[in-house]
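Visitor: Before we look at the structure together, could you take me through the reasoning behind the terms you use for it?

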Amino acid sequence: MSRIDPITTSVSHEGSIAVLTVGGDVDLATVPTFQAAITEALTQEPTALVIDLTAVDFLASAGLQALVATHETVSKTATRFAVVAHGPATSRPIQLTGLDQVFSLYATLDEALAALTSGS
């Protein structure tokens with residue numbers, strides 16, 4: 001019997017922009033995997049990091065803290081940072097906590113990539 005991981009992560013590149021796509025639940029149990037994927041995405045020193053939470057079903061406070069920590073880490077470098085979240089499971093907790101005022105929040109990956117490549 002195979003165990004289904006509660007979180008999936010994959011990193012792809014759109015030019016010099018790293019895109020971390022996350023699926024499943026981001027909570028206390030899975031946040032170490034989430035943070036490891038963020039670290040991996042940043043190892044190639046992209047000009048920007050986009051974390052795509054479109055396929056995330058649950059975003060706990062541990063996940064929100066990881067997003068804040070990532071923002072603080074990349075703000076010390078020239079790397080730009082954006083989060084893609086749409087729907088009650090992801091964008092709602094980000095907006096309720098005011099984190100959409102801390103980092104850029106987009107409804108789609110295309111919007112995030114367009115904003116980051118245009119320099120706005």
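Visitor: What makes β1 and β2 a hairpin, and which residue in the turn has a positive phi?

Guide: In this predicted model, β1 and β2 form a hairpin with 2 residues between them, and the turn includes glycine 15, whose positive phi is about 65 degrees.

Visitor: How do you know that β1 and β2 pair, and in which sense?

Guide: Pairing requires at least two bridges between two strands; β1 and β2 are joined by 8 bridges in the antiparallel sense, so the criterion is met. As one example, histidine 13 has alanine 18 in β2 as its bridge partner.

Visitor: What makes β3 and β4 a parallel pair?

Guide: Strand β3 (residues 48-59) and strand β4 (residues 80-84) run parallel and are joined by 5 bridges, which satisfies the requirement of at least two. Isoleucine 51, for instance, has valine 83 in β4 as its bridge partner.

Visitor: Why is the pairing of the sheet called mixed, and what is the order of its strands?

Guide: Strands of a sheet may pair either parallel or antiparallel. Here β1 and β2 are antiparallel whereas β3 and β4 run parallel, and the open sheet of 5 strands, in the order β1-β2-β3-β4-β5, is accordingly described as having mixed pairing. Its edge strands are β1 (7-14) and β5 (104-106), each of which pairs on one side only, and the twist from one strand to the next averages 20 degrees.

Visitor: What puts the buried residues of α4 on the same side of the helix?

Guide: Ala112, Leu113, Ala115 and Leu116 of α4 are buried, a term that requires under 20% relative accessible area. These residues cover an arc of only 165 degrees around the axis, which means that they lie on the same side of α4. The face turned away from that buried side carries Asp110, Thr117 and Ser118, which are exposed.

Visitor: Against which strands do the buried residues of α4 pack?

Guide: The buried residues pack against β1, β2, β3, β4 and β5, and helix α4 (residues 109-118) lies across these strands, running at about 160 degrees to β3.

Visitor: Which residues have the most contacts inside the largest nonpolar core?

Guide: Within that core of 26 residues, they are Val22, Phe34, Ile51, Leu53, Leu67 and Ile94. At least two core residues come from each of β2, α1 (31-42), β3, α2 (61-75) and β4. Apart from this core lies another, of 11 residues, including Ile17, Val19, Leu113 and Ala115.

Key. Residues are numbered from 1 along each chain as its sequence is written. This is a predicted model: local features need pLDDT of at least 70, side-chain atom pairs count only at pLDDT 80 or more; totals for chains, interfaces and linings use all residues. Side-chain values use heavy atoms; hydrogens and water are left out. Helices (H or I, at least four residues) and strands (E, at least two) are DSSP runs, numbered from the N terminus. Axes are lines fitted to C-alpha atoms, for helices over the stretch in contact, and angles run from 0 to 180 degrees between N-to-C directions. Contact means heavy atoms within 4.5 Å. A nonpolar core is a set of buried Ala, Val, Leu, Ile, Met, Phe, Trp, Tyr and Cys residues joined through side-chain atoms within 4.5 Å. Buried means under 20% relative accessible area, exposed over 50%, partly exposed in between (1.4 Å probe, protein chains only). The arc is that of the directions from the helix axis to the C-beta atoms.
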